[in-house]
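Open the model in your viewer and keep the sequence panel beside it. This tour says what to select at each stop and what is there.

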Amino acid sequence: DKNAMASALAKVTRKVGRIGKDAFKFRFTVTFESIELTLANHKAWQPTALSVRWFRNARVVQSDSPLIADSTKSGNDINAVWQPEVEESLLVTLYKDGKATTFEEKSYKFHIENRDKDGKNKVLASFHMDMADYAPETVSKDVTSHSLSMAFKVKSIKIKTATLNVVIRCEFMKQGKAGDEDMMSTFSAVQMDNVHDFEDEVDEDDIPPSPPPQAPRDEKEEEPSEKVDHKPKGGDARIQEWISQAPVAAAVA
């Protein structure tokens, strides 16, 4: 169909545009700490099994469900914590030509989802992350670490706000040329047979009446979308960043 043809053409165009460019492979590891939700009405709806999906095209990782604190179940402010914290890793290739000082953009998506009583994952909120933002400008064997508070764009009328708290680490693995077979981006432990289980599901409660009296929250393009706060907080949290360095971990699994 037209969408498939457009996608294939875009892929070829990207590959042609990268000819002659340097390729840098990094291992990104995200440690999931907690999810914070503000519900629209806790008496009308409560999350049951939250999770985070981290993906780009067909490469998908789905986290385990965090534990929702009992103390937050009686109000609209929900706090769900991974105990112990959960880690997921991916290998991603970033590109730049010899004269550039920064890498080309490479966007991955995060979805906060809730598994409903029918066992289907419904998207509550989304976040686009440019992985190049978290790769070191100067390649070295050090591991960089960023503690982030990610304000997601709401995609469901059941919630008002959604925040994911994570630590993301970046480790340089190798350098090559665009087109090298061993420079492909992959998740380090992804079950490709399960990719179809993570397709977006439309929540019937989020379908507005026809004609709607006004656009539902997740269709208002002018609403504030995504934002990253760098922790620890204090002063201007948007520009503060905690970065630690540690010895390089084990080689790629």
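**A proline in a strand**

Select proline 84, which is found in strand E5. Strands (E, at least two residues) and helices (H or I, at least four residues) are DSSP runs, numbered from the N terminus. Now add glutamine 83: a cis peptide bond joins it to proline 84, with omega at about -5 degrees.

Before going on, some ground rules. This is a predicted model, in which local features need pLDDT of at least 70, side-chain atom pairs count only at pLDDT 80 or more, and totals for chains, interfaces and linings use all residues. Residues are numbered from 1 along each chain as its sequence is written, and side-chain values use heavy atoms, with hydrogens and water left out.

**The whole chain**

Zoom out and colour by secondary structure. The protein has one helix and 13 strands, and the helix comes before the strands when the elements are read from the N terminus. Of the 253 residues, 43% are buried; buried means under 20% relative accessible area, exposed over 50%, and partly exposed in between (1.4 Å probe, protein chains only). Contact means heavy atoms within 4.5 Å. Among contacts between residues at least 6 apart in sequence, 73% join residues at least 24 apart.

Next, colour by pLDDT, the predictor's confidence in each residue, from 0 to 100. The mean for the protein is 75, and 65% of its residues reach 70 or more. Which element has the lowest mean pLDDT, and which the highest? Strand E13 (residues 243–246) has the lowest, 36, and E9 has the highest, 98. Select residues 187–224, where pLDDT stays under 50 and the model has 52 contacts beyond four places in sequence. Residues 233–253 also have pLDDT below 50, with 43 contacts in the model beyond near neighbours in sequence.

**A sheet of five strands**

Select strands E3, E2, E6, E7 and E9. In that order they form an open sheet with antiparallel pairing. Its edge strands are E3 (59–62) and E9 (153–154), each of which pairs on one side only. Two strands pair if DSSP finds at least two bridges between them. Strands of a sheet pair through backbone hydrogen bonds, either parallel or antiparallel.

Start at E2 (residues 50–56). Four bridges join E2 to E3, and six join E2 to E6 (residues 107–115). Phenylalanine 55 is a useful marker: it stands opposite valine 60 in E3 and opposite lysine 109 in E6.

Move on to E7 (residues 121–130), which nine bridges join to E6. Serine 107 has aspartate 130 in E7 as its bridge partner. E6 and E7 form a hairpin with five residues between them, and glycine 119 in the turn has a positive phi of about 80 degrees.

Go back to the loop between E2 and E3 and select asparagine 57. Asparagine 57 has a positive phi of about 55 degrees, although it is not a glycine. Is asparagine 57 buried or exposed? Its relative accessibility is 61%, so asparagine 57 counts as exposed.

**The nonpolar core**

A nonpolar core is a set of buried Ala, Val, Leu, Ile, Met, Phe, Trp, Tyr and Cys residues joined through side-chain atoms within 4.5 Å. Select Phe26, Phe28, Phe110 and Leu164: of the 44 residues in the largest such core, these touch the most other members. Strand E1 (22–39) gives this core its largest share, eight residues.

Centre on phenylalanine 110. Leaving aside neighbours within four places in sequence, its contacts include Val30, Trp54, Phe127 and Leu164.

Then select threonine 163, in strand E10 (residues 159–177). Threonine 163 counts as buried because its relative accessibility is 16%. Beyond four places in sequence, the residues it touches include Ile35, Ile112 and Met150.

**Last stop: glutamine 46**

Select glutamine 46 in the loop between E1 and E2. At 26% relative accessibility, glutamine 46 counts as partly exposed. Setting aside neighbours within four places in sequence, glutamine 46 is in contact with Leu39, Lys73, Gly75 and Ile78. Finally, show the C-alpha atoms of glutamine 46 and isoleucine 159: they are separated by 9.7 Å, while the two residues are 113 apart along the chain.
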